[in-house]
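User: Please walk me through the calls made on the model shown here. For each one I would like to see the value set against its cut-off.

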Amino acid sequence: MPVLPLVALLSSLLASTWAGSAPGAGIVGGKKVRRGEFPFLASIQHEGNHFCGGALIHRRFVLTAASCFRVRNPGITTVVLGVYDLRRRESSRQTFSVRSISENGYDPQQSLNDVLLLQLDREANLTSSVALVPLPAQNTTVEAGTRCQVAGWGLTQRSRFLSRFPRVVNVTVTPEEQCRPNNVCTGVLTRRGGICQGDGGTPLICNGLAHGVASFSLGPCGRGPDFFARVALFRDWIDSILNTPSDEPVRGL
Ligand SMILES: *[C@@H]1O[C@H](CO)[C@@H](O)[C@H](O)[C@H]1NC(C)=O
Ligand SMILES: *[C@@H]1O[C@H](CO)[C@@H](O)[C@H](O)[C@H]1NC(C)=O
Ligand SMILES: *[C@@H]1O[C@H](CO)[C@@H](O)[C@H](O)[C@H]1NC(C)=O
């Protein structure tokens, strides 16, 4: 079990405000995503400012990290799909408020079970810019050495600002002894690369499936390993929520 002194700090950073955006910034060590390349990416925003990522897994549901909402109220959050350029009002966008949230035993001290389902106020329209990402079956494992991708609007190592366009980095699943059973961990072997603030909640895509939800990093951005909630442990729970949409008013965590 790794020591996690940075966890609390990083989760609060992931959930704090990032003002403005700058060209050339983005996920550490990545490259700019092409328009429509990751149509399932959600930008989770407060008053028009992106603060976390997410993944559209059903026309009414976005999967993100519970840590995104430690200091934020989901009731005043907007979920924006079809985003490419954070600075423009794009016609591809669909904007939603959150109808309800569901969590499954999130433990902020240990950063365990860092998953959250946001039920949107209405169904998303599937377009060339908005699509669903499939999930792994319950308990599916992803082997060490598997090549995956993670994309988002988060910070680069040098910039204090969000990326204007989403960026993607190729990452490799680390051996189990550098991780924990409830996480999938990744690193970039040859250089710096990985998630940074503003990428919390974004999906880890392995073999076309969303195997992880970005939770936290050990150490500075891009030094890794990056820890993702292991989505396969939550598949049955996710299905149970998707099959019983709620009309409960939204409450905080
Ligand atoms: C989906 O498309 C319909 C028909 O064009 C439109 O009325 C509705 O507002 C759209 N929904 C969203 C979430 O944009
Ligand atoms: C997943 O693993 C848990 C714990 O090992 C086990 O109880 C459960 O039956 C498994 N579920 C499936 C669908 O394999
Ligand atoms: C990721 O790897 C693929 C081939 O495996 C390569 O085509 C692509 O350019 C790489 N992407 C990045 C962002 O390095």
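User: Which strand gives the most to the shell around ligand 3?

Analyst: Strand β11 (residues 167–173) gives the most, with three residues, a strand being a DSSP run of E over at least two residues and a helix a run of H or I over at least four, both numbered from the N terminus. This is a predicted model, in which local features need pLDDT of at least 70 and side-chain atom pairs count only at pLDDT 80 or more, while totals for chains, interfaces and linings use all residues. Residues are numbered from 1 along each chain as its sequence is written, whereas chains are lettered from A and ligands numbered from 1 in the order in which they are written.

User: What makes up the shell around ligand 3, by residue and by class?

Analyst: The shell consists of Gly30, Lys31, Val168, Val169 and Asn170, a residue being near a molecule if its C-beta atom, placed from the backbone, lies within 6 Å of it. By class there are two nonpolar, two polar and one charged residues; Ala, Val, Leu, Ile, Met, Phe, Trp, Tyr, Cys and Pro count as nonpolar, Asp, Glu, Lys and Arg as charged, and the others, Gly among them, as polar. Around ligand 1 the residues are Gln94, Arg122, Ala124 and Asn125, which divide into one nonpolar, two polar and one charged.

User: Why is Asn113 called buried or exposed, and what is said of its phi?

Analyst: Asn113 has 20 other C-beta atoms within 10 Å, and a residue is buried if 20 or more lie within that distance of its own, exposed if 12 or fewer, and partly exposed in between, with C-beta atoms placed from the backbone; Asn113 is therefore buried. Its phi is positive, about 55°, although it is not a glycine, and the residue is found in the loop between β7 (94–103) and β8 (116–120).

User: Why is Glu47 classed as exposed or buried?

Analyst: Glu47 counts as exposed because it has 9 C-beta neighbours inside 10 Å. Glu47, not a glycine, has a positive phi of about 50°, and it is found in the loop between β3 (41–46) and β4 (49–58).

User: How do you know that β11 is mostly covered, and which strands pair with β11?

Analyst: Five of the seven residues of β11 are buried, so β11 is mostly covered by that criterion. Two strands pair if DSSP finds at least two bridges between them. Strand β2 (residues 31–32) is joined to β11 by two bridges and runs antiparallel to it, with Lys32 opposite Arg167. Strand β9 (residues 147–152) also pairs with β11 in the antiparallel sense, over six bridges, and there Gln149 stands opposite Asn170, a residue that is also listed around ligand 3. Strand β12 (residues 183–187) makes two bridges to β11, again antiparallel, with Val173 opposite Thr186.

User: What makes the closed barrel, in which order do its strands run, and how does β5 pair with β8?

Analyst: Six strands form the closed barrel, in the order β3-β4-β5-β8-β7-β6 with antiparallel pairing. From one strand to the next the twist averages 45°, taken between N-to-C directions of axes fitted as lines to C-alpha atoms, on a scale from 0 to 180 degrees. Strand β5 (residues 61–64) and β8 are antiparallel over four bridges, Thr64 standing opposite Leu116. Three bridges join β4 to β5, also antiparallel, with Ala55 opposite Leu63, and a hairpin of two residues links β4 to β5.

User: Which residues of β5 point one way and which the other way?

Analyst: Phe61 and Leu63 point one way, Val62 and Thr64 point the other way, and all are buried. In a regular strand the side chains alternate between the two faces of the sheet.

User: What is the mean pLDDT of the protein chain, and over which residues does pLDDT stay under 50?

Analyst: The mean is 86, and 85% of the residues reach 70 or more, pLDDT being the predictor's confidence in each residue, from 0 to 100. Over residues 1–26 pLDDT stays under 50, although the model has 57 contacts beyond four places in sequence for them, a contact being two C-beta atoms, placed from the backbone, within 7 Å. The protein chain has two helices and 15 strands, and 48% of its 253 residues count as buried.
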